[in-house]
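Here is a friendly walk through a structure that may be new to you. Take a moment to look it over before reading on.

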Amino acid sequence: MGTGTGIGRVRGLGSAKHGSLHWWQQRLTAVGNLLLVTWFVVSLLRLPVHDYAAIVTWLSSPIVAVALILMTVSVFYHFRLGLQVFIEDYVHDEASRVAALIALNFYAVGGAALAIFSIAKIAFAGGHA
Amino acid sequence: MLVSILHRACGTALAIGAGAIFIWWLAAAASGPDAYATFYNYVAVPAEGDGIAAVTTVLAKIVLIGLLWSFFQHMASGVRHFVLDTGAGYELKTNKAGAIATIAFSVVMTLIVCAWLFSR
């Protein structure tokens with residue numbers, strides 16, 4: 001913002017036509033990541049062992065499963081936005097840029113879906129390792 | 001300048017590197033003990049006599065320590081962005097001190113966590 005017509009500034013529309021939404025969502029997910037990824041790293045490293053039984057038991061706790069699903073949404077949405085800017089800034093060839101943006105979205109949505117489904121499957125199975 | 005580049009580089013490394021390992025780890029755990037054993041063999045503890053896994057677990061440790069540093073660096077410069085978003089910290093000296101502080105934080109935190117992990 002800061003350029004363009006007065007009414008354009010009021011509406012918050014820049015060249016991306018989404019105004020400040022991208023900026024806001026990037027910050028919102030950043031706060032989510034700050035809390036949830038810190039929790040995840042600390043909790044995971046504090047586990048004495050990381051074998052199958054320990055991980056499945058840990059993941060089957062409702063608090064852990066829900067926090068990890070929320071973290072997955074926050075992280076994958078955050079890097080979808082961040083890498084989009086990265087691609088828009090550095091990939092100048094239009095065809096390559098579109099291809100990279102499609103690949104990014106497939107990776108972010110597909111990866112998040114696989115991660116969330118896996119967490120849910122372990123949690124619903126009850127963790128009888 | 002350097003910290004700005006590091007923010008993007010670390011963010012990209014985390015998205016692709018940590019993201020892929022995270023997905024593999026969860027999908028393996030959800031697929032059952034055999035799939036998880038494969039992940040565990042190549043990333044955490046190699047089976048005896050498995051030469052390839054012996055190499056990949058060492059590489060995995062290097063990659064994971066790198067990702068841990070990337071996490072702390074991206075986190076610190078991200079928090080710095082929040083401060084800059086408020087319009088504060090643009091004086092040259094303050095700005096430079098903030099940039100250096102993010103690197104000091106990430107290096108110190110990585111060393112502390114590694115020292116703790118290897119002392120267990």
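The paragraphs below go through each chain in turn, then the place where they touch, and then the core.

Keep in mind from the start that this is a predicted model. Let us begin with chain A. Its secondary structure amounts to five helices and zero strands, and from the N terminus on the elements read α-α-α-α-α. Of the 129 residues in chain A, 19% are buried. If you take the contacts in chain A with a separation of 6 or more, 72% of them are between residues 24 or more positions apart.

A good helix to look at in chain A is helix 2. This helix has 26 residues, and from its first C-alpha to its last it reaches 37 Å, close to the 38 Å expected at 1.5 Å a residue. Follow helix 2 of chain A along and you will find a kink of about 25°, centred on Asn33(A). Asn33(A) is also buried, as are Thr29(A) and Leu36(A) in this helix. What do the buried residues of helix 2 of chain A pack against? Their partner is helix 4 of chain A. The spacing of such residues has a simple background: an α-helix has 3.6 residues a turn, so residues three or four places apart point the same way.

For a contrast, turn to Val98(A), which sits in helix 5 of chain A. Is this residue buried or exposed? Val98(A) counts as exposed because it has 12 C-beta neighbours inside 10 Å, and a residue with 12 or fewer is classed that way. To get a feel for distances, compare Val98(A) with Pro62(A): they are 36 residues apart in sequence, and their C-alpha atoms are 39 Å apart in space.

Now move to chain B. Here there are four helices and zero strands, giving the pattern α-α-α-α along the sequence. The C-alpha trace of chain B spans about 60 × 30 × 20 Å along its principal axes. Its radius of gyration is 18 Å, whereas a compact globule of 120 residues would have one near 14 Å. Buried residues make up 25% of the 120 residues in chain B. Among the contacts in chain B with a separation of 6 or more, 59% involve residues 24 or more positions apart.

Helix 3 of chain B, residues 51-85, deserves a visit of its own. It has 35 residues and reaches 50 Å between its first and last C-alpha, close to the 51 Å expected at 1.5 Å a residue. The buried residues of this helix include Ala53(B), Trp69(B), Phe71(B), Phe72(B), His74(B), Met75(B) and Arg80(B). What do the buried residues of helix 3 of chain B pack against? Within chain B they meet helix 1 (2-31), helix 2 (33-43) and helix 4 (92-119), and they also pack against helix 2 of chain A. Just after helix 3 of chain B comes Gly87(B), which takes a positive phi of about 95°.

In the segment after helix 4 of chain B you will find Arg120(B). Arg120(B) is exposed because 6 other C-beta atoms lie within 10 Å. The C-alpha atoms of Arg120(B) and Ala27(B) are separated by 28 Å, with their positions 93 residues apart along the chain.

How do the two chains come together? In all, 21 residues of chain A are in contact with 20 residues of chain B. On the side of chain A that touches chain B, two or more residues each come from helix 2 (21-46), helix 3 (52-59), helix 4 (62-90) and helix 5 (94-125) of chain A. Helix 5 of chain A gives the most, with seven residues. By type, the residues on this side of chain A are 15 nonpolar, four polar and two charged.

Finally, look at the largest nonpolar core, which has 34 residues. Those with the most contacts inside this core include Leu59(A), Phe79(A), Ile119(A) and Ile122(A) from chain A, and Phe22(B), Leu26(B) and Ala29(B) from chain B. At least two residues each are supplied by helix 3, helix 4 and helix 5 of chain A and by helix 1, helix 2 and helix 3 of chain B. Which helix gives the largest share of this core? That is helix 1 of chain B, with eleven residues. To see one core residue up close, pick Ile119(A): leaving out residues up to four places away in sequence, Ile119(A) touches Leu59(A), Ala65(A), Leu68(A) and Ile69(A), as well as Leu26(B).

Terms used
Residues are numbered from 1 along each chain as its sequence is written. Chains are lettered from A and ligands numbered from 1 in the order in which they are written. This is a predicted model: local features need pLDDT of at least 70, side-chain atom pairs count only at pLDDT 80 or more; totals for chains, interfaces and linings use all residues. Two residues are in contact if their C-beta atoms, placed from the backbone, lie within 7 Å. Ala, Val, Leu, Ile, Met, Phe, Trp, Tyr, Cys and Pro count as nonpolar, Asp, Glu, Lys and Arg as charged, and the others, Gly among them, as polar. The expected span of a helix is 1.5 Å times one less than its number of residues. A residue is buried if 20 or more other C-beta atoms lie within 10 Å of its own, exposed if 12 or fewer, and partly exposed in between; C-beta atoms are placed from the backbone. The radius of gyration is taken over C-alpha atoms; the globule rule is 2.2 Å times the number of residues to the power 0.38. A nonpolar core is a set of buried Ala, Val, Leu, Ile, Met, Phe, Trp, Tyr and Cys residues joined through C-beta atoms within 7 Å. The bend at a residue is the angle between axes fitted to the seven residues ending there and the seven starting there.
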